[in-house]
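Trainee: Can we go through this one together? I'd like to know where the labels come from.

Mentor: Sure, let's take a look.

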Amino acid sequence: MRKPMMAGNWKMNKTIDEAVALAQDIKHAVNDINSVDRVVCPPFVDLPAVAEVLKGSNIATGAQNMHWAANGAYTGEVSPSMLKGLATYVILGHSERRQYFAETDETVNKKTKAALEAGLTPIVCIGESLEQNERGETQSFVSGQVRGALDGISAEQVQQLVLAYEPIWAIGTGRAATAQQANDICGGVVRATVAELYGKAVAENVRVLYGGSTNDKNIREIMAQPDIDGALIGGAALKVESYAEMVRGTAEVYA
Ligand code: PGA
């Protein structure tokens, strides 16, 4: 019922020329695999060129961040309306933004509301650190992040957004959560928190992704889990071979 999604977070990688080449390769490789939502999220400066390459294709674009204000004196920032026409998705509250750029549950919440109002689909990231994990705080912390991000958001709106559980200790480390661990948090904490807030029926409609060292080897096992609806992919999304194989693997699991 929930359509699977493979979203590539290119982070601060790829010049415009490199981004165009990768987008073209991805289009050729996976444009016809329509049982999976395919999303690529390049850096801002690459977005116009990538959007042009993917115009008329079945592959969507997303931004990696966004300010909540409509415009104004916010040097270096990009507003929701500036992304319209360039992106349909926007990653919000990635742990790297929380860690290095001081994003908080409150700013993530403001951004989430602004994205929904602008007609963009937020991919809201949550996830605990290694220390929190080791102290046994994963459930309370992640649940708190979900509540913070969704504060004041209606039941109708919550079904339009995507949540991505990304344990910080699994990001870029080559040490993914086990499929079982990932499913336990995606279902037992993330979706369960949405159910507490909005009811079970609403929670069943919300897509929950897992992110953190996913690749073409582990994606099938991860996607076979009932509460994981996709992946937010970092490193493995930067090469067409691994990204395309992850899309194909997901299509097979859902066939
Ligand atoms: P990774 O990154 O796949 O390279 O671990 C995931 C992410 O940060 O979204």
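Mentor: Let's begin with Lys14, which sits in the loop between strand 1 and helix 1. Keep in mind that this is a predicted model.

Trainee: Why is Lys14 called partly exposed?

Mentor: Its relative accessible area is 28%. Buried means under 20% and exposed means over 50%, so a value in between is called partly exposed. Therefore Lys14 gets the partly exposed label.

Trainee: What makes the phi of Lys14 worth a remark?

Mentor: Phi of Lys14 is near 85 degrees, which is a positive value, and the residue is not a glycine. Lys11 does something of the kind, with a positive phi of about 50 degrees, and Lys11 is not a glycine either.

Trainee: Where does Lys11 lie?

Mentor: Lys11 lies in the loop between strand 1 (5-9) and helix 1 (16-30).

Trainee: Is Lys11 buried or partly exposed, and how do you know?

Mentor: Lys11 has a relative accessible area of 21%. Buried needs under 20%, so Lys11 counts as partly exposed.

Trainee: Lys11 turns up around the ligand too, I think. Which residues come nearest to the ligand?

Mentor: There are 13 residues around the ligand, and Lys11, His94, Glu166, Gly172 and Ser213 come nearest. By type, the shell has four nonpolar, seven polar and two charged residues.

Trainee: What makes the pair between Ser213 and the ligand a polar contact?

Mentor: A backbone N or O atom of Ser213 lies 2.7 Å from an oxygen atom of the ligand. A polar contact is a pair of N or O atoms within 3.5 Å, so the Ser213 pair qualifies. Gly234 passes as well, with a polar backbone atom 2.8 Å from an oxygen atom of the ligand. For Gly235, a backbone N or O atom is 2.9 Å from a ligand oxygen atom.

Trainee: How much of the ligand does the protein bury?

Mentor: Taken alone, the ligand exposes 290 Å², and the protein buries 95% of that. The space the ligand takes is the second largest pocket.

Trainee: Now for the helices and strands. Why is Ala115 called buried?

Mentor: Ala115, in helix 5, has a relative accessible area of 0%. Buried means under 20%, so Ala115 is buried.

Trainee: And what makes Ile59 buried?

Mentor: Ile59 is in strand 3 (residues 59-63). Its relative accessible area is 6%, and the cut-off for buried is under 20%, so Ile59 is buried. The C-alpha atoms of Ile59 and Ile26 are 8.6 Å apart, with their positions 33 residues apart along the chain.

Trainee: How do you know that Lys110 is partly exposed?

Mentor: Lys110 belongs to helix 5 (residues 105-117), and its relative accessibility is 37%. Partly exposed runs between the 20% and 50% limits, so Lys110 counts as partly exposed.

Trainee: What separates Lys110 from Trp68 in space?

Mentor: Their C-alpha atoms are separated by 5.9 Å, although the two are 42 residues apart along the chain. For Ala115 and Ala51, 64 residues apart in sequence, the C-alpha to C-alpha distance is 18 Å.

Technical notes
Residues numbered from 1 in each chain as written. Predicted model: local features only at pLDDT ≥ 70, side-chain atom pairs only at ≥ 80, totals over all residues. Heavy atoms only, no water. Near = heavy atom within 4 Å. Polar contact = N/O pair within 3.5 Å; in protein donor to acceptor, adjacent residues only side chain to side chain. Areas by Shrake-Rupley, 256 points an atom, 1.4 Å probe, with all protein chains shown as cover. 1 Å grid on protein atoms, 1.4 Å probe; cavity = no way out; pocket = protein on both sides within 12 Å on 5 of 7 lines; lining within 4 Å. Sits in = over half its atoms within 2 Å of the grid points. Nonpolar A, V, L, I, M, F, W, Y, C, P; charged D, E, K, R; others polar. Helix = DSSP H or I, 4+ residues; strand = E, 2+ residues; numbered from the N terminus. Buried < 20%, exposed > 50% of the residue type's maximum accessible area, 1.4 Å probe, protein only.
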